[in-house]
Number of protein chains: 2
Amino acid sequence: MQFDLEKALPVLERTPLVIESLLYGLADEWLFNNEGGDTWTPFEIVAHLIHGEKTDWIPRTQIIFGEGYKVFPPFDMEGHKKESKGKSMDELLDEFKILRKDNLAALKAMNLTDELLERTGIHPVLGPVTLRHLLASWVVHDLTHIHQLSRVMAKQYDEAVGPWKQFMGVLKSN
Amino acid sequence: MQFDLEKALPVLERTPLVIESLLYGLADEWLFNNEGGDTWTPFEIVAHLIHGEKTDWIPRTQIIFGEGYKVFPPFDMEGHKKESKGKSMDELLDEFKILRKDNLAALKAMNLTDELLERTGIHPVLGPVTLRHLLASWVVHDLTHIHQLSRVMAKQYDEAVGPWKQFMGVLKSN
């Protein structure tokens, strides 16, 4: 499937509702448990998504359209820590929804054409990337974290499913 | 995490909204492509969930509380084909929502106690299982298919993300 902005936008628009529907108001055991070790909890995953809204997708798009040397600053994989400090899960979900709405409004206001989608920036690790790659990655990044959230939640019932464990592929994935 | 009906019910209640938010009204490329081979499309996954509502979770609970030999009939992994025949994705999403609502109303009407959750049935492959195992598996089954849906969708952008592919674990999972 080719990247097509009109077909990608609804996915980006829905992500806050998907994640809110999945998590809003659930018992703490669903929200603050991880997959073991230093893996992320749903709470940390939502904070990471917030950090992406603030520092990754639209800020990098703005760098592509800016003046001068178009190198993206590295993304901070610890950035979720400051985003979540002192906040509740429901506050994070609300914040993510507002940030995403504002970012998509900014994206639409750019009136991106096929030509503009071929503009490039320099990723600090990956090298030259097009705006089209960046926006497709935004969509896949959302889906990656929905994938992760459903897996982290499922694993909390690793024992509770009893003999069914062998049929549940999600419990063996990481 | 122990299975606790009060903490599990909100997850079961939200699944139709999560999946509707993820899929409703999207372009056909998101809904009718799979992961290659005989893997399922999002359309087939939703039809499979409908078949589960009709033949698996609550029907098996009723077998557990019924008279006589409490062996569950095998689940038909091809059952989604008849559920989806002649229907649109949006029709399937609406049907799933109604079936789930009715099934959870039936579940609540059973006023399940800890003692009743220990009742058993015989799974055709797994052998004796408790109602507690069955209901925990219902939750994990929902999460399994949210996990699968997000992965199937992400894989449609396997090429579109360009060099980002190496950072997107979801594109390498199955």
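The dialogue below reads a few features of a predicted model, beginning with its conventions.

Q: Which conventions apply to this predicted model?

A: Residues are numbered from 1 along each chain as its sequence is written, while chains are lettered from A and ligands numbered from 1 in the order in which they are written. In this predicted model local features need pLDDT of at least 70, side-chain atom pairs count only at pLDDT 80 or more, and totals for chains, interfaces and linings use all residues, while side-chain values use heavy atoms, with hydrogens and water left out.

Q: What turn and what shift lay chain A on chain B?

A: Two copies of a chain are related by a rotation about an axis and a shift along it. Here a turn of 180° and a shift of 0.0 Å along the axis lay chain A on chain B with an RMSD of 0.0 Å, where the superposition is by least squares on the C-alpha atoms of residues with pLDDT of at least 70 in both copies. That is the relation of a two-fold axis. The same surface serves both copies, since 100% of the contact residues of chain A recur in chain B, contact meaning heavy atoms within 4.5 Å.

Q: How many residues of α8(B) are buried?

A: A residue is buried under 20% relative accessible area, exposed over 50% and partly exposed in between (1.4 Å probe, protein chains only). Helices are DSSP runs (H or I, at least four residues), numbered from the N terminus, and helix α8 of chain B covers residues 131–155. For α8(B), 25 of the 25 residues are buried, so the helix is largely enclosed by the rest of the structure.

Q: At what angle do the axes of α7(A) and α8(B) cross?

A: Axes are lines fitted to C-alpha atoms, for helices over the stretch in contact, and angles run from 0 to 180 degrees between N-to-C directions. Under 35 degrees counts as roughly parallel, over 145 as roughly antiparallel, 65 to 115 as roughly perpendicular and the rest as oblique. The axes of α7(A), residues 131–155, and α8(B) come within 8 Å and cross at roughly 160°. That makes α7(A) roughly antiparallel to α8(B). Among the residues making the contact are A:Val140 and A:Leu143 of α7(A) and B:Val140 and B:Leu143 of α8(B).

Q: How does α1(B) lie against α8(B)?

A: The axes of α1(B), residues 5–23, and α8(B) come within 10 Å and cross at roughly 25°, and the two helices are therefore roughly parallel to each other.

Notes. The expected span of a helix is 1.5 Å times one less than its number of residues.
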